Amino acid sequence: MCPGGAHSSPGPGLTTPGVRAAVAPAPGAQPETPQGPVQLCWWGMEEGERSPLLSQDAGGQEPPLTSSCLGPALRKGQTWEAGPGGGQAAPLPWRSSCLQGLTFLSNFLFSLLSLLALAIGLWGLAVKGSLGSSWGGPLPADPMLGLVVGGLAVSAVSLAGCLGALCENACLLRCFSGGLLAFLVLEAVGGALVVALWGPLQDSLGHALRVAITHYQDDPDLRFLIDQVQFGLQCCGAASYQDWQQNLYFNCSSPGVQACSLPASCCIDPQEDGASVNDQCGFGALRLDEDAARTVVHLEGCGAHLRQWLRRNVRAVGGWAIAVVLVQAAELLLATQLLRALAVRKGATESSGPGAGSWAKPARG
């Protein structure tokens, strides 16, 4: 019979092997209409009892049946006791629920930001044509590619944490914790390399600026970066404004219209009291002598200015890096605590259940 003694009967015309009513009506009598909720139950056969609805094997044995009710219908005053394989899982304690909510909200925010970065990177590659030309060939040396890879990695890890916290999935939470741990290890290695190679990195800024000046027209992102550095630091070139002679288009021997010229970002007054930047303010500046050129463009290089800027802002940059590491460490701690709470609940449920895969027994309130 059904758990708790509830009467159940199949609907009219319903014939299901292995399913029978708790009370069979007498011949010629009207079938009893059950009071309260109706359930369909699977009965386990008593020892020695046979069912005419089930086929027997060659040895005359019938396949064993286990009791299982389709649906959580119970009489008034009855509750299901939690057990493995049946009923609903017990809710997490309020402290663990708070951890679950914090993990979900933080990862949801990081997922949105990383997906936005991924979309911006893909848009940049598509606009410059690097996205279509890279199929089947080497990866393009494009700053947008780093944005795409970083956004993809962060979004994958954040979505795993978000879904793991929402669905209480231990596997996704473990993947999220592993991804965070990998990020922390990479950041620690990168920070150690920057601290160990801080002196050589500052010395290599001049060489990096010269290489960027040589490829100024090759990449719009690189051109934008150099212009912003020269605008912001009010400088021109790597060591001096004469470094632009190394550029193929600005070299005085070039046959183009930009020969012996400088970018507008080198000009002292690039807007010339106008609303927009005058791209021709540096035309012919490399033909002028130093005193005449001083009134038009900046003569100092950006290498020394960039090193001074890095020394002034190294604490701010380090503070932001430490803040990012602390946020990731807090995320890892939240995920670890949530995994521990899920493991404790699973262990308590398994220890209180009658057996794996069986339905819980109803307890009379």
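# A tour of the predicted model

Select E290 and R294 to begin: the two side chains form a salt bridge, with their closest N and O atoms 3.1 Å apart. The structure is a predicted model. Both E290 and R294 belong to helix α8, where they sit four residues apart, about one turn of the helix. E290 has a relative accessibility of 46% and therefore counts as partly exposed. R294 is also partly exposed, at a relative accessible area of 42%.

**The whole chain**

Zoom out and colour by secondary structure. The protein has nine helices and four strands. Starting at the N terminus, the order of elements is β-β-β-α-α-α-α-α-α-α-α-α-β. The protein has 365 residues, and 31% of them count as buried.

**The second salt bridge**

How many salt bridges does the count come to? The count is two salt bridges. Besides the E290 and R294 pair, there is a salt bridge between the side chains of E168 and R345, at 2.8 Å from N to O. Show E168 in the loop between α3 and α4, then R345 in helix α9 (residues 302-352); the pair ties together parts that are 177 residues apart in sequence. E168 has a relative accessible area of 30%, so the residue is partly exposed. Check the backbone of E168 as well: this residue follows α3 and has a positive phi, near 55°.

**Helix α3**

Step back from E168 into the helix before it. Helix α3 covers residues 143-167, and at 1.5 Å a residue its 25 residues should span 36 Å; the end C-alpha atoms are 36 Å apart, so the expected span and the model agree. Next, select the buried residues of α3. These are M144, L145, V148, G151, S155, V157, S158, A160, G161, C162, G164 and A165.

**The nonpolar patch**

Move on to helix α4, residues 170-196. Turn on the surface and select L181, V185, V189, L193, V194, L197 and L201, which form a nonpolar patch with about 580 Å² of accessible area together. Which helix gives the patch its largest share? That helix is α4, with five residues. V189, one of the patch residues, has its place in helix α4. Its relative accessibility is 45%, so V189 counts as partly exposed.

**Helix α7**

Now select residues 220-233, helix α7. Its 14 residues should span 20 Å at 1.5 Å a residue, and the end C-alpha atoms are 20 Å apart, so the two values agree. Which residues of α7 are buried? Colour I226, D227, Q230 and L233, the buried residues of the helix. They cover an arc of only 155° around the axis, so they lie on the same side of α7. Rotate to the face turned away from this buried side, and F224, L225 and G232 appear as exposed residues.

Two details are worth showing at the ends of the helix. At the start of α7, D219 has a side-chain oxygen within 3.1 Å of the backbone nitrogen of D221. Just after α7 comes Q234, with a positive phi of about 55°.

**The loop between α7 and α8**

Q234 takes the tour into the loop between α7 and α8 (290-294). Most residues other than glycine have a negative phi. Q234 is not a glycine, yet its phi is positive, about 55°.

Which other residue should be selected in the loop between α7 and α8? Go to C260, which lies in that loop. C260 has a positive phi of about 60° and is not a glycine either. At 3% relative accessibility, C260 falls under the 20% cut-off, so C260 counts as buried.

Stay in the loop between α7 and α8 and select C267. Is C267 buried or exposed? C267 is buried, with a relative accessible area of 3%. To finish, draw a C-alpha to C-alpha distance from C267 to L299: the two are 9.6 Å apart in space and 32 residues apart in sequence.

Notes: Residues are numbered from 1 along each chain as its sequence is written. This is a predicted model: local features need pLDDT of at least 70, side-chain atom pairs count only at pLDDT 80 or more; totals for chains, interfaces and linings use all residues. Side-chain values use heavy atoms; hydrogens and water are left out. The expected span of a helix is 1.5 Å times one less than its number of residues. Buried means under 20% relative accessible area, exposed over 50%, partly exposed in between (1.4 Å probe, protein chains only). The arc is that of the directions from the helix axis to the C-beta atoms. A polar contact is a pair of N or O atoms within 3.5 Å; within protein, one must be able to donate a hydrogen and the other to accept it, and residues adjacent in sequence count only if both atoms are side-chain atoms. Patches are made of residues with over 30% relative accessible area and no salt bridge: like charges are joined within 9 Å, nonpolar side chains (Val, Leu, Ile, Met, Phe, Trp, Tyr) within 5 Å. Accessible areas come from the Shrake-Rupley method with a 1.4 Å probe; for residues, only the protein chains shown count as cover. A salt bridge is a side-chain nitrogen of Lys or Arg within 4 Å of a carboxyl oxygen of Asp or Glu.
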